[in-house]
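Q: Please take a close look at one part of this structure, the packing of one helix against another, and describe it in detail. Then connect it to a plain account of other parts of the fold.

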Amino acid sequence: MTIEYLKRGKPEADRAEDDAKTAAVVAATLKDIETRGDTAVRELANKFDGYDRDSYRLTQDEIDILIAKVSPRDLEDIKFAQAQVVNFAQAQRDSMLDIEVETMPGVILGHKNIPVQSVGCYVPGGKFPMVASAHMSVATAKVAGVPRIIACTPPFNGEPNPAVIAAMHLGGAHEIYVLGGIQAVGAMALGTESIDPVHLLVGPGNAFVAEAKRQLFGRVGIDLFAGPTETMVIADETVDAEMCATDLLGQAEHGYNSPAVLVTNSRKLAEGTLSEIDRILKILPTAGTAGVSWQDYGEVILCDTYDEMLEVADDIASEHVQVMTDRDDWFLESMTCYGALFLGPRTNVSNGDKVIGTNHTLPTKKAGRYTGGLWVGKYLKTHSYQKITTDEAAAKIGAYGSRLCLLEGFVGHAEQCNLRVRRYGGQNVPYGEAAE
């Protein structure tokens, strides 16, 4: 059994150095936003977005004017895509039930699924206006019942992008700000004079946005570490090199540091895909971006067996995994670490990105080992409660609790239990001793 790299990306050490530089910039920027609030945000918006105005929040009149610029066909397409996302999110929400059970006579336990009370949704828009990200974050939050949804997106070519603003508004955003990058994420999480802070941050972004979310986690909740985009194609000889190359480059165009990996047990397919990538990059309008990603982060991994392909795939834990083999369902049953699976040649990652209904905000940088992607459940907090309704249950549970507390040396804890044993069970338990 051998695993051969026909092409490797940047060494991990180089990537770690890049990450360290990004982390330092983000830390300094967040500290500045926390210290100087709106003033810092305005300076950053001018520097990085080339955009300045008295208030970065759009008024309803401005939103209406922007939506009017969207063509009827584009608006129809946005509404269609949003409906697919909402429908699936609602089905997921319906599967999450509040429960209440009587575990023994007089002991009632339960949990409630409660929406977070405010969320900040980041919608990227640097190289491309990410219309679909508004459905994934804003519309899903609305399905979850979040009472305050704010959304930030950078200007595109110097102005708010009408289609993105339309998607945010139709999705249910209560506040829309034209802000990008660290300044947007920092303002939503930390708050400024003009923006009240939120409880949860969601949405994908570039390396600086992802790092800002990582550093802010704990002060606010985050959905997951999402970005930069990653894609993997798992393929055998049942598909051709053109399809593999197209699916790899289709995601590599997201940015200059978007890993794209082919895992295959066919040398012919591996070598053919390398040739097809060279051909497509000569005609792809976004080759200036995709080509850099492929050169620095692209990999082709040749395995002997399907088991090896599975092992490699789970180790990499890629964000998007396109599976095109003679045993797609086997990979579905066997894979454990990934963001989302796209099964069969008729399926593709772009469908998931834009329209099919699953959420495209997914874990990157191996986070698929411990979390799934953004979904309606990320906006809900599951809170437990308990209630004892009879004297008998209070005394019985209290006696067990008394003894177990003292087993650990917690006398004060034990007295909470003993007090109930005395009052509801009629037992004369000496102070600080265990109940019978």
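A: In this predicted model, helices α3 and α6 cross in the left-handed sense. Helix α3 covers residues 60–68 and helix α6 covers residues 162–171. Their axes lie 8 Å apart and make an angle of about 120°. Angles from 65 to 115 degrees would count as roughly perpendicular and those over 145 as roughly antiparallel, and α3 and α6 are therefore oblique to each other. On the α3 side, the contact is made by Gln60, Ile63, Leu66 and Ile67. On the α6 side, Pro162, Ile165, Ala166 and His169 take part. Sorted by class, the contact between α3 and α6 has six nonpolar residues, two polar ones and no charged ones.

Next comes the sheet. Six strands form an open sheet with mixed pairing, in the order β1-β11-β10-β9-β12-β13. β1 (3–7) and β13 (340–343) are the edge strands; each has a single partner strand, so one side of each lacks a neighbour in the sheet. From one strand to the next, the twist averages 20°.

Within this sheet, β10 (residues 260–264) and β11 (residues 298–303) run parallel and are joined by five bridges. One residue pair can be named here: Val261 has Glu299 of β11 as its bridge partner. Two helices pack on the sheet. Helix α10 (residues 267–281) touches β1, β9 (231–235), β10 and β11, and its direction makes about 20° with that of β1. Helix α11 (residues 287–297) touches β1, β10 and β11, and its direction makes about 50° with that of β11.

Strand β12 (residues 320–324) stands between β9 and β13 in the strand order. β9 and β12 pair in the parallel sense, over five bridges, and Ala235 stands opposite Met324 of β12. The pairing of β12 with β13 is also parallel, over four bridges; there Val323 has Leu343 of β13 as its bridge partner. How is β12 placed with respect to the rest of the structure? Residues under 20% relative accessible area count as buried, and five of the five residues of β12 are buried, so the strand is largely enclosed by the rest of the structure. Both of its faces are covered. His320, Gln322 and Met324 are buried on one side, and Val321 and Val323 are buried on the other.

Burial can also be followed in the helices. Helix α7 (residues 181–190) is mostly covered, with ten of its ten residues buried. Its buried residues include Ile182, Gln183, Val185, Met188 and Leu190, along with glycines and alanines such as Gly181, Ala184, Gly186, Ala187 and Ala189. After α7 comes Gly191, which has a positive phi, near 80°.

A last case is a single residue, Ser402, in helix α15 (residues 391–407). Ser402 counts as buried because its relative accessibility is 0%. Which residues does Ser402 contact, leaving aside its neighbours within four places in sequence? They are Ala414, Cys417, Asn418, Glu433, Ala434 and Ala435.

Methods: Residues numbered from 1 in each chain as written. Predicted model: local features only at pLDDT ≥ 70, side-chain atom pairs only at ≥ 80, totals over all residues. Heavy atoms only, no water. Pairing = 2+ DSSP bridges. Axes fitted to C-alpha atoms, helices over the stretch in contact; angles between N-to-C directions. Contact = heavy atoms within 4.5 Å. Buried < 20%, exposed > 50% of the residue type's maximum accessible area, 1.4 Å probe, protein only. Parallel < 35°, antiparallel > 145°, perpendicular 65-115°, else oblique. Left-handed = near helix turned anticlockwise from the far one by under 90°. Nonpolar A, V, L, I, M, F, W, Y, C, P; charged D, E, K, R; others polar.
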